[in-house]
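Me: I am new to this structure and would like to go through its enclosed spaces step by step. Could you set out the terms first and then take my questions in turn?

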Amino acid sequence: MKRLICLAAMAAMLGAPAASFAQESGSNSGASGGAMRSATDRFRNANADAIEKDWARAPVKEAEVTTAHSVNAHGKTLRYHATAGTLTIRDDAGMPTASLFYTAYTLDGQPVGTRPVTYLYNGGPGSPTVWLHMGSFGPMRVQTDEPTVVRPAPFAFGPNDMTLLDQTDLVFIDMVGAGFSRPLGETAGSAFWGVDQDADAFARAIMRYTTKFSRWSSPKYIIGESYGTLRTGAVAFQLEDRGMSLNGVVLLSSIMNYGVRQPGYPQNFVTLLPTYAATAWYHRKLAHPAATVEEQVQRARDFALGPYASALAKGHMISDAERADIVRQMSELTGLSPNFVDNANLRVELSSFRKELLRDRRQTIGRLDTRYLGLDDDASGDSPEDDPSSSAVTGAYFGIFRDYVANELKYDTDVEYRMSARGLPGFNWNWNHRPPVGGPQTTPNTAVDLATAMRRNPYLKVMALNGYYDAATPFFSTEFDLAQMMLEPSLRPNLEFTYYEGGHMMYLSHDALVKLHADLSRFYSETANGGAR
């Protein structure tokens, strides 16, 4: 509205000189100048009107399109409706502030009041929810499996025989600034780009969908991936604080505490070590490997929590004999040479590990999934040039989504589907967080928020899904973060961990997806009744 007023005001100002010229009884040159100015004004006004009319913007009024589909999964035909649309969220005064794009899948013939509904999102921060949507639990999936690069178009995309639609309706939501989600009116994108601001936007969007589609009586769940797990801790508390109790929270490849990653703290090296061990085991770089990755990981856990954590805490005050012993054990567990470990002062950075482990083969390994292999221009460098586990699938996911949403879901918009909000004007993430207990945090730890939500709602169950080869959000780091929630003994059974032969996006592997479906099906069956036994 303000833009329209400004355009009208500009037109009025531009029109003023023409009016004064018309009132003059001057020469021919004055009349000619007035006519020329008037024509220029008309052109400018017409051009402004055309731009205003053709401006690609997210709608303030909620838009949606629904289509009917079916998928063969779990030995039966699942008939469902897909809705692609927008949710308008408002501030406390009722003013629209943002339009969030979502895609919902609802199973036909189910009573809304007892049918579970799950809200899903990716992380970043800055990412749309294309990864979970196109690769994990929806009724359609990018067909990926072994840790290899996906071929260019035409892509393998089709029915997902491991969809979670047999257990729950699914609602995938994009964050403000990414995908098709946008701020509205004069609200800047930066108003949503921070830990607490972002969590508030998602809480409002979830509550809006719940209200709009009459899902308040449904069992309700959240599945967040990566930074989405940090968001989930805050969202779970905010929903509980606003009157919405969740049945379950699923943390997929978690990072809930950024504080332990600050330079000078040894915790990050401790929690990375079991992932290094799993990776070395997978790439056959160990002289004495365990029979299974689980056994190899447990060896690394025991060493990391005991001798390694103690050695790092001593810093340069460690004795020569203890240092030599730690170097030897680290080398045996990680496949790195004793000299390399010693030169790193027992503190092997992730980028260094990814470059060094397979240096003798002139290969690097991935960050999101350390099973993926890369090739660098400079094999002698100190860090990889790229993350092969990310670039291997990005083109396929975004290419398929753009085709799918337009041609299968029939969602028509001139708004660009943004691959990320990063790089946009004003995108400078605000990492400050105000938890429900304790003082403000300059680096966030929303496990505090999740613990508070679990204490308030003792029926809330939490499942953490972990990939052994995920170096971006290591599984041992998740174990550490959630152990610091300090839950009372009566609440600790509400928290469980599951592990998969995969990386950050373990659902890229169909075998892992089979196990994911089995684990989550059990989780839903145990929680959809509100915790009653």
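Reply: In sorting the residues of a lining, Ala, Val, Leu, Ile, Met, Phe, Trp, Tyr, Cys and Pro count as nonpolar, Asp, Glu, Lys and Arg as charged, and the others, Gly among them, as polar. Please keep in mind that this is a predicted model.

Me: How do the residues of the lining of the second largest cavity divide into nonpolar, polar and charged?
Reply: This cavity is lined by Phe101, Tyr102, Thr103, Thr129, His133, Phe172, Asp174, Phe401 and Tyr417. Phe and Tyr count as nonpolar and Asp as charged, while residues outside the named nonpolar and charged sets count as polar. The lining therefore divides into five nonpolar, three polar and one charged.

Me: Which strand gives the most to the lining of the second largest cavity?
Reply: The lining includes Phe101, Tyr102 and Thr103, and the protein as a whole has 14 strands alongside 15 helices. With three residues, the element that gives the most to this lining is strand 3 (residues 96-107).

Me: How many charged residues are there in the lining of the largest cavity?
Reply: The largest cavity, which holds about 50 Å³ of space, has Lys355, Arg359, Arg362, Gln363, Thr364, Gly374, Leu375, Asp376 and Ala379 in its lining. Two of these residues are nonpolar and three are polar, and the number that are charged is four.

Me: What share of the residues of the protein count as buried?
Reply: A residue counts as buried when its relative accessible area is under 20%. The protein has 533 residues, and the share of them that count as buried is 52%.

Conventions: Residues numbered from 1 in each chain as written. Predicted model: local features only at pLDDT ≥ 70, side-chain atom pairs only at ≥ 80, totals over all residues. Heavy atoms only, no water. 1 Å grid on protein atoms, 1.4 Å probe; cavity = no way out; pocket = protein on both sides within 12 Å on 5 of 7 lines; lining within 4 Å. Points joined across faces, edges and corners; volume = space filled by probe spheres on them. Helix = DSSP H or I, 4+ residues; strand = E, 2+ residues; numbered from the N terminus. Buried < 20%, exposed > 50% of the residue type's maximum accessible area, 1.4 Å probe, protein only.
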